Amino acid sequence: MSAPSAPATESEFLSPDAGQKPPGPTPSQSRFQVDLVAEAAGAAEERSPNSDTSSAVASGDGAAPAGPAECPGADPGACGEEAKGRFRVVNFADPSGAGSEASPEASPADGLQNGDTVMSETSLHSSTGGQHHYHYDTHTNTYYLRTFGHNTIDAVPNIDFYRQTAAPLGEKLIRPTLSELHDELDKEPFEDGFANGDELTPAEEAAAKEAAESKGVVKFGWIKGVLVRCMLNIWGVMLFIRMSWIVGQAGIALSCLIIAMATVVTTITGLSTSAIATNGFVRGGGAYYLISRSLGPEFGGSIGLIFAFANAVAVAMYVVGFAETVVELLAGADAIMTDEINDIRIIGTITVILLLGISVAGMEWEAKAQIFLLFVLITAIINYFIGTFIPVKAKESVGFFGYHGSIMWENMGPAFRGETFFSVFSIFFPAATGILAGANISGDLADPQLAIPRGTLLAILITGIVYLGVAVSTGASIVREATGNVNDTISSQFRMNCTEAACNFGYDFSSCKTDKESCHYGLLNDFQVMSMVSGFGPIISAGIFSATLSSALASLVSAPKVFQALCKDNIYPGLAMFAKGYGKNNEPLRGYILTFGIALAFILIAQLNIIAPIISNFFLASYALINFSVFHASLANSPGWRPSFKYYNMWVSLAGAILCCVVMFVINWWAALLTNVIVLGLYIYVSYKKPDVNWGSSTQALTYHQALTHTLHLSGVEDHIKNFRPQCLVMTGYPNSRPALLDLVHSFTKNVGLTICGHIRTGYRRPNFKDLANDQSRYQRWLLKNETKAFYTPVFAEDMRQGTQYLLQAAGLGRLKPNTLVLGFKNDWRDGDMMNVETYISMIHDAFDLQFGAVILRLKEGLDVSHIQGQDECLSSQEKSSGMKDVIVSIDTSKDSDADSSKQSSKATSLQNSPAIQKDDEEDGKATTQPLLKKDKRSPTVPLNVSDQRLLEASQQFHKKQGKGTVDVWWLFDDGGLTLLIPYLLTNKKRWKDCKIRVFIGGKINRIDHDRRAMATLLSKFRIDFSDINVLGDINTKPKKEHVSAFEEMIEPYRLKEDDMEQEAAEQLKDSEPWRITDNELELYRAKTNRQIRLNELLKEHSSTAALIVMSLPLARKGAVSSALYMAWLEVLSKDLPPILLVRGNHQSVLTFYS
């Protein structure tokens, strides 16, 4: 972190140990100074033993090792290491434990800024008073390593520059900044931060720290981590208990179609998962991480919560499936403990406690248990297939005859009994879920980018083939219905009349068609057919146990991992306690306990027929969003979407997302509706809370893409009067320094037109463009935080007028360009340099030259509140935590050669109400021009005087709801209708809707009724509501003498009085002071002067109680009316009145009564 010259307190905070004095040239040799690489052995001896983190930057180019000559007396081998220290290392433990080469300032800087200290090689200048700091010249010192054989600090490409965290993968290095390479040698270096988008959330920093400190972390490869886990999860109870029943109902052909449909959905989702998983480094959190980083926190947060919950309830579903099988075996052995329901509860509770124990023991134990369960499961499947090839006479009466063409042909078509194709599909589909079991533990995979695509897709392929194999084999060897009675045989002479496949083997099961109760066997009636067919029945029971327990175990691990990742991102603030991890593997023990609690609650219900479809729908919602993520990212066409897995297609992913939604409604329409309502509710909640995260989501990319497309499209369309909207360039300076001006303009442009807060920064110093960029992003955040729909655009210029011309010409984009300049009235114009008035009036002339409208707001209390300390503290939490720079800014540096302290008091007053000027030298001299920054805690808080108190109150008046007042529109001159449009837009807003519009127009005494009717007709044609129309017949009456004399007294100091001096002297004075009022122009414009004075009298008479006055701005001909006279007109017209808005459009129609 670089610091400009700081006082002693900061010096002590940042300074290195004065005792360390490495040899080298003196600071005077070069003004561009970089710290020495403290090489190998020497640095190790000087460093304290426990210093294994380096948070400072040493210099050198990390390209070639130093030669022996460069480190006399040291071990050449030690010197030969790469000089990683040249680059800033962001406070992570060195994996070797020895620490990287540290520069002399390594130790004292530890712990600065939450452990993320970054110090550049130029961070502590020798010019800083009181610091013992030594600098070395890159060009004369041989300690510096070379890039391509040249002494340069420019760095070659390196993967470590692109890391977000140190993690165990390597150190986070920071390349030299552009400022370090480009700035002039005598210039203070800029403060360096992370590149945009590389900031880490506190959760990520903590995760990185844990990752760096951990040793011996268990990481899985693609087989153990993904393939095994996915296969176990996909092969559920359905394989053994329901697959044969599905074949009986739907037949072999439709069963294969059902399996194919489910596999298509899972395969498309698998491809989409692979694409997202290979588009960058994947951290823990599985489906939640993939969706949130692709579509943003709104979708990610809603899916993450229901996905974690679905996994927790799935534990209960699988455990109850296991308990039911155990209870059936107990019933067969006549060993029921109490009754069936309570036995399921007892066995389920004991089972889930054992599973919790395995999970809490750690991922390594859980993985070993999974391998064992997979072995049992595969043995059971092989056992079944072996059994199908061994026909046993005793099994024929229960419908098993071995493979035969006639059986296969009979079972080819459907024979639905109380079911439909889609109801059978909905029963099978949960058996195909579980493809995210591997992705859910992405944080525990050694290489998620390789493991997730390979393991997931292979698991889908293997399990799909096995499901098809079981469907075909059962359909080809077992009849649909059998009585189980060995006496139901048929003699050969009666076989001619028997058409069923069983007849070919001498059995007649035709009685099943009439007497359903007597048939308990066959594909349709016996769920345990596979156990009966298999070579050794008990192995199938073991397979069922294995399938249920492995799925339960996978879900028990997935749920806490996903939930932990969700909590770490702090999207739901109340859940932060579950983010904490324990042990070397960062195990979410609190999440395990929560999952255990949810699972136990559902196990105690022991009836999951209602909850099961909801779980399937929750999984399907996740699949739909993963597919949609890929489509969305491809559609957004972001350069950051570059998956290394190429076998995906955006339209296939979209089809997959639609398929998932269709399947949701096919399985259970009310559960699908409920799922959508929950997702939508959570989405709205997260959108409303707006978590402070930036993950570079595709939503962001698509928003940009659409904005660009629409802006370009808009540029090709000609403007039309009906679509005119005021697009205002508001000269606010810092947006929070003139709140009343911004609030009023925002009131009539919000959701209607564009608002740009212009800020011209002038001064004697060279412009600091980095500060300008920082201010731009900071104040834009401030506008967003205050829900002000505006853009902040600062520019550097030599003077105010030049800066205004820059903004008038260049601000905006395409059709989104300002068309109206809004200024604050210069209340203090008589107190300061009159050239400021010349500049101010020239800005108005420039606006008219560029065909802009002009609007001036005057409050009698003034507008600028930036001189009031502490009036606005609006730093974001990030800025508060890294507030070091802000403290330094507020230090008094009035000794600066550019800051003339004798002028500052006058400057502060003369610029107090100027529209946009903020001098850089003023910023250096005092902290008052940046109310956004937190004030130095040491400065005493000064109680506000009465005028400041009034100013603060007045500055907030447009921020609150206006009462039942009036908006008085003095539409004296037709400017195209802007004077009328602005009050109409204002009174349409919620804050102003109770105010009525009163219209005042000029007229002749003998035509008052006629003029009123004409104006009423015009307003009704414009469809603008008004409460009253006043025609001012006495507008041309002469003003009161005391008011005229007061005006003359006001302009007296600014008159040229050319009649009292030589012509040449008068011309010279007019050239040097162009604002002076000549006697000739004063006489020429006497009538116009009197009109302004008279209008002020009428305003006081008619509108002294108005909430706001909107009045036509008087025009002054450029070059004919001096700026002092024009300013005096504006002064006398608007003084001692309620808030007044002087408006002049560009004399092109902005209102129309045509449709």
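# Helices, contacts and cores in a predicted model

User: How many of the residues of helix H24 (residues 739-749) are buried?

Analyst: Let's start with H24, remembering that this is a predicted model. Helix H24 spans residues 739-749 and is mostly covered. Among its buried residues are Pro-739, Asp-743, His-746 and Thr-749. The count of buried residues in H24 is 11 of 11.

User: Which residue with a positive phi follows H24?

Analyst: Look just past the helix for a backbone phi near 60°. The residue that follows H24 with this positive phi is Asn-751.

User: Are H10 and H18 roughly parallel or roughly antiparallel to each other?

Analyst: Good one to work through! The axes of helix H10 (residues 297-332) and helix H18 (residues 537-568) come within 8 Å and cross at roughly 160°. Angles over 145 degrees count as roughly antiparallel. H10 and H18 are therefore roughly antiparallel.

User: How many nonpolar residues does the contact of H10 with H18 have?

Analyst: H10 passes H18 in a left-handed crossing. By class, their contact has no charged residues and 10 polar ones. The number of nonpolar residues in this contact is 20.

User: Which helix gives the most to the largest nonpolar core?

Analyst: The largest nonpolar core has 136 residues, and Trp-235, Phe-240, Phe-428 and Tyr-467 have the most contacts inside it. The top contribution to this core is 16 residues, and the helix that gives them is H10.

User: And how many residues are in the second, separate core?

Analyst: This second core is separate and includes Ile-756, Leu-808, Trp-1129 and Leu-1130. Its size in residues is 61.

User: Is Ser-244 buried or exposed?

Analyst: Ser-244 sits in helix H8 (residues 243-277). Leaving aside neighbours within four places in sequence, Ser-244 is in contact with Thr-474, Leu-523, Asp-526 and Val-529. The cut-off for buried is under 20% relative accessible area. Because its relative accessibility is 0%, Ser-244 counts as buried.

User: What separates the C-alpha atoms of Asn-504 and Ser-406, in Å?

Analyst: Asn-504 is found in the loop between helix H15 (448-477) and helix H16 (511-514). With a relative accessible area of 46%, Asn-504 is partly exposed. Along the chain, Asn-504 and Ser-406 are 98 residues apart. In space, their C-alpha atoms are separated by 8.3 Å.

Terms used
Residues numbered from 1 in each chain as written. Predicted model: local features only at pLDDT ≥ 70, side-chain atom pairs only at ≥ 80, totals over all residues. Heavy atoms only, no water. Axes fitted to C-alpha atoms, helices over the stretch in contact; angles between N-to-C directions. Helix = DSSP H or I, 4+ residues; strand = E, 2+ residues; numbered from the N terminus. Parallel < 35°, antiparallel > 145°, perpendicular 65-115°, else oblique. Left-handed = near helix turned anticlockwise from the far one by under 90°. Nonpolar A, V, L, I, M, F, W, Y, C, P; charged D, E, K, R; others polar. Buried < 20%, exposed > 50% of the residue type's maximum accessible area, 1.4 Å probe, protein only. Contact = heavy atoms within 4.5 Å. Core = buried A, V, L, I, M, F, W, Y, C linked by side-chain atoms within 4.5 Å.
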